[in-house]
Amino acid sequence: MRILLDKFSKSFGDVRVIEDMTLEINDGEMLALLGPSGCGKSTTLFAICGIHKVTGGRILFGDRDMTGVPSQERNVGVVFQSYALYPHMTVAENIAFPLRIRKLPEAEVKRQMEEMANLVHIEALLDRRPAELSGGQQQRVALARALVRRPNVLLLDEPLANLDAKLRLEMRSEIRRIQLETGITAILVTHDQVEAMSMCDRIAIMNAGEIIQIATPQEMYRNPRTAFVAGFLGNPPIAFIDAVASNGTLTVKDADIRLPVPPNTETPPDGTPVIVGIRPENLGRDGDAPIRGRISFVETQGRENLYDLTLANGSVLRSIQRESDDVSLNDEVEWRVRSDQLFLFAQNGERL
Amino acid sequence: MNASRDIAQDGSAPFKARAVPARRSLGWLNSSKGLGIVLLMPALMLVVLFFLAPVVLTAVFAFTNMSTATGITGGAYQVSPGTLRVLSDRYGMGELAERLGQPTYIVDEEGLAALEEMGIEPGIIAGLRDDHLGETYSSRREFEREIRDLPDRPSTRTVKQISAEFSRSLANARFRNAGALVAAAEAIDPDLGDAEKDALLDATYTGWTWTTDNFRRLASSPQTTRVLLNTVFFVALTLTLFNTGFAMLLAITTHYIPERPAGIFRIIWFLPRISPAVIYVLLWKWLAWDTGFISAFLDNFGVRPRNWMLGSATNAWVFVILINGFVGASMGMVIFASAIKAIPQSLFHAASVDGAYRWQQVRHIILPHLKWPILFVTCYQTLSLLTAIDHILLSTDGGPGGATEVWSLWVYHTALNNYAGNLQYGYGAAMALVLVIIGVVLSLIYLRLFNYNALIIKPRIEH
Amino acid sequence: MTGHLKSWPIVLALSILSAPLVLMYVYLFIDTFTNAPPGSFIPNEFTLEHWTFLWHTPPGRLSIWRVTLNSLMFATSTATLVVVVSSMAGYVLSRLNVPARGFFLAGVMVLHAFPAITLIVAIFLVLQIVGLYNTLIGVILVKAAIDMPLGIWLMKGFYDTVPWEIEMAGIQDGASRFTVWRKLVLPQVKPGIFALGLFAFLLGWGEFILPQVLAPSGNAQVLSVYLAALIADDNNFDMALFKSVGLFYIAPVLILFFFFQSYLMNIYGGGSKG
């Protein structure tokens, strides 16, 4: 089902957390709300499911205005970071709870509960209590409980934050599989760009209560609208250096570096201070613009090496390259960057 | 539109086709407000009935002269030889008293009407009306002679019936309200003045009345000062010696010994608190009475057996403070012990590296951390000691000779239980009111002091 | 942290301080089962004669079993009432968005600190007026009301520890706030309810002054009043009998305390005002 936040605002007392936010989630789509903690993404999620009252604007499910409708009637499935399983109930009772609340016949409850348990692969655990389950198993139970009543939309609030690295990888694809199999509209709230990029159809990136950009993961990575977006996506992260436009090139002060203005970018007037963003994978042996500096840090990652390149003016760039041993710490090197992969931002962070 | 159709329209997988519509739930049980008020209701009712109403009523009763003699449900107007004596002695209305006390027979229309109702022959009634209406007789015999002399010659039985209907005497009559009494008195003496009516009502009223005498009495009674001093002495000494001092000693010493003996000592010192007051005080009596343990033990050294608890005022105080103090120590012990436990271990290690000995640890590490717990215990126990009654009542009962009578016990003895049997509810309520006001004021101050605002966290579910 | 300092001097000092208490409680047991020669405290014979009160009712007194039943009814009823009322009100104060919530919270704190015993004169008169004087019901209501603020405060504390997400999940699953409380939250605070119930039971079992004032005689007499009357009766001084009745009376308390001491110590320390 299509979900629409129409000029939605939320304040707590005098503190305005979100103002006039508009966001549309398409039917069957999985959308990530990505942002640092405190950016308002959980507030948005709580407003969609009705735990928070909205201060202004509307929330629509399909064509129905849900703004004033109590949570119980919104039919939203939520998976919480802590899973929030009912500790005194078995797995089966947990999954069946939403159905029993709706007073379904017991045979039907059992059938649907088992069907859902099969979907999330926990058939063998039905008689256990949550305390006897691993984190990943609890996660699956929480998913089953959220999905068993065929919700209009599935909300996932940092669902992987409490799992260890290996399980996180496994559950990432599991959640996506279940979402695709059921075809349900889903919203994933996360601060982890890897989760957002690997699991979702689109990403809405938020900062300070505002949506900065909505796009597919690929588009957002390739074409960030602001320095904030560019900095949030990518691991290892993008590096920024200050430069000044002069005669159609970008001069990095005190570093004897000139970078060309990337294609498709309007050349800024002379003397304009700009911020140049260079992703680590774009700085290396290939490219058209030379950059000189000293290798100030080397991290071996096995397949690849991560280098910190300190420029003459003290700025630091990052480079990730295939593992090799021809350079080492404190070497002065001249590497290259591909000018078509540079991002140019104004002082206020807006992409030029 | 409903949820199931929405999902059905969404197409794909069979998963969606069987969506379950959410059930509409009961409105009031579902909103915070509705459910909150319903769930609070029983508590609110108990608060109103047993806290708010009694606070107000304590103040109300304090302004009455309620006692066993007046009763508590309001009274009647009783004319008796005693009240007539009050009328003549206190109000100087001897003549009125005499008149009201006389047996009196008045022939009036009211009586005649009653006769008609009884079915007395109309001739007799007509005769009475014609010959005697408005006449007053001060003796029954005289009146009955007149009746017998009526033309119709009623029988003796009828004469008695008739005379009874015209009896307007007040002697030993009881009236449910002031109006009835005044009406009856006016029937005897139609010229009754207002002052005389008021005096009559005052003198014959048996119920309680409004008064401010209780407070005047409280302010002027020499016993007030004495009880007040006793109370301050008791609270201050018990609080410093036991509820904080000894409690701290127990908490600190048990902190420095291994867990097993420490646990045993904590249990021992908890016994007084969990023991019902009656049995706990009985054990002290066994220790202190003239046939008790101390007497028997000292007998071996030639000391004559005697009641050590009530033998002298000093002894009584020692026991009262010990008995209450042993109970009070446990609360402080638990609170202080957990506060000490919460002190970071690293502080202790650092201190022992510095070569500080236990005493220094206690002074410089433990005591500073106990500041708030001590304040807390002091606040709460001041109030509870101020109003403590069970243990003193059961042990010395305020004796010997009122030496250990404290304020709350005084209230009890005045209003609830004493040997004389005349319970002065109004006076007792006035005394209790003093404690109620202190209690309200102190608890409000504590509320400020312990910053309850920090405890209020806004509910996270907003509807 | 105690370093290498010896602890036995402290243990010794504490033992001496505790000796009177230990002596009193030990002799509570000894004296009920033995006789000692006059003037001595070393028993010389075992006897059960002090326990005849269990099957022999002296004239003019209620049977001990009737009184025990009264005490049981009094303590269980107050405990039940306190638990029910507190678990309802405590939830509201912990979780629900009611108007004037801050005021109610402050009110509970004030009531908790307020010494309700000062109201006894007014309560005594009110019970007389409404005809509940000398009845168990009257004194049960009063006792429950007096213990209630502490109960609400404790229950609020227990509810505060239940994760909000459980409730959020519940309402998302379609349950009403009432169902969430009843089916999802209440089961999480069972240990707290048990502790409060036990605590309130013991408070009721030991209560003396309320029944003494509000239901002193007649068929509503409870054990504390019964024992106090027995002791106050000058014609019938028998310390061993007092102690036997006393031991009979205190035994349930000691047993419950022995099994659940950690629960109780926490409540006494954290919530009770003593």
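**Notes on the interfaces and salt bridges of this model**

1. A good place to start is a pair within chain A: A:Glu108 and A:Arg111 form a salt bridge between their side chains, N to O at 3.0 Å. Please keep in mind throughout that this is a predicted model. Both residues belong to helix H4 (residues 106–119) of chain A, where they sit three residues apart, about one turn of the helix. A:Glu108 is partly exposed, at 24% relative accessibility. A:Arg111 is also classed as partly exposed, with a relative accessible area of 39%.

2. Now for a pair that crosses between chains. A:Arg149 lies in the loop between helix H5 (135–147) and strand E7 (153–157) of chain A, while C:Asp173 lies in the loop between helix H6 (164–172) and helix H7 (177–185) of chain C, so this pair joins two chains. A:Arg149 and C:Asp173 form a salt bridge, with 2.9 Å between the closest N and O atoms. Are these two residues buried or exposed? Both A:Arg149 and C:Asp173 are buried, whereas A:Glu108 in the helix H4 pair is partly exposed at 24%.

3. C:Gln172 deserves a look alongside that pair. C:Gln172 has its place in helix H6 of chain C, and with a relative accessible area of 1% it counts as buried. Which residues does C:Gln172 touch, leaving out those up to four places away in sequence? They are A:Cys49, A:Ile51, A:Ser71, A:Val76, A:Val78 and A:Arg149. A:Arg149 is thus a contact of C:Gln172 as well as the salt-bridge partner of C:Asp173.

4. Stepping back to the whole interface of chain A and chain C, 21 residues of chain A are in contact with 17 residues of chain C. The two chains bury about 1600 Å² between them, and carbon and sulfur atoms account for 64% of it. On the chain A side, A:Gln72, A:Tyr86 and A:His88 supply 32% of the area that chain A buries against chain C, more than any other three residues.

5. The polar side of this interface is worth checking too. Two salt bridges are counted between chain A and chain C, one of them being the A:Arg149 and C:Asp173 pair. There are also 10 residue pairs in polar contact between chain A and chain C, both residues being at pLDDT 80 or more. Helix H1 (41–49), helix H2 (71–74), strand E6 (76–79) and helix H3 (91–101) of chain A each give at least two residues to the side that touches chain C. The largest share of that side, three residues, comes from H3(A). By class, the side of chain A that touches chain C divides into 14 nonpolar, four polar and three charged residues.

6. Next, the interface of chain B and chain C. Here the contact takes 107 residues from chain B and 101 residues from chain C. About 9700 Å² is buried between chain B and chain C, with 81% of it from carbon and sulfur atoms. How many salt bridges are found across the interface of chain B and chain C? The count is zero, and three residue pairs are in polar contact between chain B and chain C, both at pLDDT 80 or more. Helix H3 (residues 32–62) of chain B gives the largest share of the side of chain B that touches chain C, at 20 residues. That side of chain B has 75 nonpolar, 23 polar and nine charged residues.

7. A brief word on how chain B is laid out. Chain B is divided into domain 1 (77–204) and domain 2 (222–455). The C-alpha centres of domain 1 of chain B and domain 2 of chain B are 67 Å apart.

8. To finish, some further salt bridges. Over all chains, the structure holds 29 of them. One pair in chain A is A:Glu19 with A:Arg16, whose side chains meet at 2.7 Å, N to O. Within this pair, A:Glu19 counts as partly exposed at 44% relative accessibility, whereas A:Arg16 is exposed, at 57%. Chain A also has a network of salt bridges that links A:Arg140, A:Glu170, A:Glu174, A:Arg177 and A:Glu181.

Conventions. Residues numbered from 1 in each chain as written. Chains lettered and ligands numbered in written order. Predicted model: local features only at pLDDT ≥ 70, side-chain atom pairs only at ≥ 80, totals over all residues. Heavy atoms only, no water. Contact = heavy atoms within 4.5 Å. Buried area = accessible area lost by both parts, 1.4 Å probe. Salt bridge = Lys/Arg side-chain N within 4 Å of Asp/Glu carboxyl O. Polar contact = N/O pair within 3.5 Å; in protein donor to acceptor, adjacent residues only side chain to side chain. Helix = DSSP H or I, 4+ residues; strand = E, 2+ residues; numbered from the N terminus. Nonpolar A, V, L, I, M, F, W, Y, C, P; charged D, E, K, R; others polar. Buried < 20%, exposed > 50% of the residue type's maximum accessible area, 1.4 Å probe, protein only. Domains from an automatic or database assignment.
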